[in-house]
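Take a first look at the chain shown here. The paragraphs below walk through it step by step.

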Amino acid sequence: MSWRWEYAFGAEQASHTAPPEFVTEVEKKVAEVVRMCEAKYLDGTLHQDASSRGGDITVRGGMFRYQIVVRRERVYIVQVTYLGF
């Protein structure tokens, strides 16, 4: 497996209603989180401890919430909030 990110729950639907510039910012930031995970967990499939909690990241125009699932080598975007600032 290799690390990737994907939308979870209703986050993908929320991203369809947000401006493309905002969605691009979200996807750039989550790609950085994926690169961090690749460096930290060289083989996530062998990971035995609890997964990291994830967190919130503010980007231009709003924020998004993500969850890391190490054994699946995935970063899930679970919430996207466009605020228009």
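Among contacts in the chain between residues at least 6 apart in sequence, what share joins residues at least 24 apart? The share is 59%. Keep in mind that this is a predicted model.

Start with the parts. The chain has 2 helices and 4 strands. Read from the N terminus, the elements run β-α-α-β-β-β. The radius of gyration is 13 Å, and the globule rule gives 12 Å for 85 residues. The two values are close, so the chain is as compact as a globular protein of that length. Along the principal axes, the C-alpha atoms fill a box of roughly 40 × 20 × 20 Å. Of the 85 residues, 38% count as buried.

Now turn to the sheet. The 4 strands form an open sheet. Their order is E1-E4-E3-E2, and the pairing is mixed. Which strands stand at the edges? They are E1 (4–7) and E2 (55–59). Each has a single partner strand, so one side of each is left without a neighbour in the sheet. From one strand to the next, the twist averages 30 degrees.

Look at one pairing in detail. E1 pairs with E4 (residues 74–82) in the parallel sense. The two strands share 4 bridges. Here Tyr-7 stands opposite Ile-77 in E4.

Next comes helix H2, residues 20–40. Its 21 residues, at 1.5 Å a residue, should span 30 Å. The end C-alpha atoms of H2 are 30 Å apart, so the span agrees with expectation.

Which residues of H2 are buried? They are Phe-22, Val-23, Glu-25, Val-26, Val-30, Val-33, Val-34 and Cys-37. What do these buried residues pack against? Their partners are E1, helix H1 (11–17), E2, strand E3 (62–69) and E4. The buried residues of H2 thus touch elements named in the sheet order, including E4 and E3.

Last, the aromatic rings. The structure holds 4 aromatic pairs. One of them joins Phe-64 and Tyr-66. The ring centres of this pair are 6.3 Å apart, and the planes meet at 50 degrees, a tilted arrangement. Are these two residues buried or exposed? Phe-64 has a relative accessible area of 0%, so Phe-64 is buried. Tyr-66 has 14%, and buried means under 20%, so Tyr-66 is buried as well.

Key. Residues are numbered from 1 along each chain as its sequence is written. This is a predicted model: local features need pLDDT of at least 70, side-chain atom pairs count only at pLDDT 80 or more; totals for chains, interfaces and linings use all residues. Side-chain values use heavy atoms; hydrogens and water are left out. Rings of Phe, Tyr and Trp (its six-membered ring) pair if their centres lie within 6.5 Å; planes under 30 degrees apart count as stacked, over 60 as edge-to-face and the rest as tilted. Buried means under 20% relative accessible area, exposed over 50%, partly exposed in between (1.4 Å probe, protein chains only). Two strands pair if DSSP finds at least two bridges between them. Axes are lines fitted to C-alpha atoms, for helices over the stretch in contact, and angles run from 0 to 180 degrees between N-to-C directions. The expected span of a helix is 1.5 Å times one less than its number of residues. Contact means heavy atoms within 4.5 Å. The radius of gyration is taken over C-alpha atoms; the globule rule is 2.2 Å times the number of residues to the power 0.38.
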